[in-house]
Amino acid sequence: MSQGQPRRPPQAQGEVLQDQPIKYGDVFDVSGELAGQPVAPRDAALLQSAEEAVLGRTQKGGPAAVLQSAAALNRRTGHVGKGQITGPAADAGATVAEAELAGRRVVAESVGGQVVARFVAPAPVGLAHPAGALDQDAVTIGRALEAVAATAGDKPVDQSDAAAVQVAEVCTTGASGIIPGGVAAAAQAAADHNARTPRDEDKVKLRDVLSGAREKLQADKGATAEDAERVVSAEIRNKPDMATTQGGVAEAVTTAARLNQERP
């Protein structure tokens, strides 16, 4: 079964439900014995180690981060001890499996033998030296954004698109926030409008926001593997199915970065 984003415990849960620990069934779509187990510190540590071993780091907002937050709250409320581990995690451990299927990267994360999260993204860009992104004729992030108008232009802009565009803009400008009048501001405004608009025909499309993106960017640069990774992460964190949009912002920037890396 395909897994979406982890369920997040409410911020006030530690105050409202002090007599009940946060269980796996509260934060993940799991069943059986695991669902009724309180999240424990060593469970979180196991999954964090697995993410670092396979993915290179703990994923921001990912399953290990969710477990860490839940375990910390369970410790503060006295439901679990510092070195505690649940039975299923002790028996089957925590794993991260990565595969490439049809040019897409599929990552599944499991605890106690059950998949707690799965995400799908473009295959990562291999690094080459020197990087072609430094060439004057490199494929820029601005060009990648404009390409989305052709590949996924009919898609209504949602929060995952806006988040990806914002990170792409940050990669080009180094700005710490949304620039007024920029492409990220337009994408966020479109996502906000669409969230209040029931009919797809009345929604703002990616084509409306990303056509002429280079003119809206204060700066532009060749797309790099690091840029692609950041944009992909932003997009999937805001998608319920944790899968990048076919032909969308993340895939366009990844394609640009791959073309730049493969330059002779």
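**Reading helix packing**

Author: Start with one pair. H12 passes H13 in a left-handed crossing. Keep in mind that this is a predicted model.

Reader: At what angle do H12 and H13 pack, and how far apart are their axes?

Author: The angle is about 165 degrees. The axes lie 8 Å apart. Angles over 145 degrees count as roughly antiparallel, so H12 is roughly antiparallel to H13.

Reader: Which residues make the contact?

Author: H12 contributes Ala225, Asp227, Ala228, Val231, Val232 and Glu235. From H13 come Val249, Ala250, Val253, Thr254, Ala257 and Gln261.

Reader: How many residues of each class does the contact of H12 with H13 have?

Author: There are 8 nonpolar residues, 2 polar and 2 charged.

Reader: Now a single helix. How do I read its faces?

Author: Begin with the general idea. An α-helix has 3.6 residues a turn, so residues three or four places apart point the same way. Then list what is buried. In H7, residues 141–151, the buried residues are Ile141, Gly142, Ala144, Leu145, Val148 and Ala149. Down the axis of H7, these fall within an arc of 165 degrees, so they line one face of the helix.

Reader: Which exposed residues sit on the face of H7 turned away from the buried side?

Author: Ala150 and Thr151.

Reader: What do the buried residues of H7 pack against?

Author: Six helices are listed by name. They are H8 (159–173), H9 (183–195), H10 (206–210), H11 (213–216), H12 (225–237) and H13 (249–261). H12 and H13, the antiparallel pair from the opening, are thus both among the partners of H7.

Reader: Take one residue of H8. Is Ala163 buried or exposed?

Author: Ala163 lies in H8. The cut-off for buried is under 20% relative accessible area. Ala163 has 10% relative accessibility, so Ala163 counts as buried.

Reader: Which residues does Ala163 touch, leaving out those up to four places away in sequence?

Author: Ala163 touches Ala234 and Asn238. Now compare sequence with space. Ala163 and Ala184 are 21 residues apart in sequence. Their C-alpha atoms are 8.0 Å apart.

Reader: Step back to the chain. How many helices and strands does the chain have?

Author: The chain has 13 helices and 3 strands. Of its 264 residues, 48% count as buried.

Reader: What share of the contacts with a separation of 6 or more comes from residues 24 or more positions apart?

Author: Such pairs account for 66% of those contacts in the chain.

Notes
Residues numbered from 1 in each chain as written. Predicted model: local features only at pLDDT ≥ 70, side-chain atom pairs only at ≥ 80, totals over all residues. Heavy atoms only, no water. Buried < 20%, exposed > 50% of the residue type's maximum accessible area, 1.4 Å probe, protein only. Helix = DSSP H or I, 4+ residues; strand = E, 2+ residues; numbered from the N terminus. Arc of directions from axis to C-beta. Contact = heavy atoms within 4.5 Å. Axes fitted to C-alpha atoms, helices over the stretch in contact; angles between N-to-C directions. Parallel < 35°, antiparallel > 145°, perpendicular 65-115°, else oblique. Left-handed = near helix turned anticlockwise from the far one by under 90°. Nonpolar A, V, L, I, M, F, W, Y, C, P; charged D, E, K, R; others polar.
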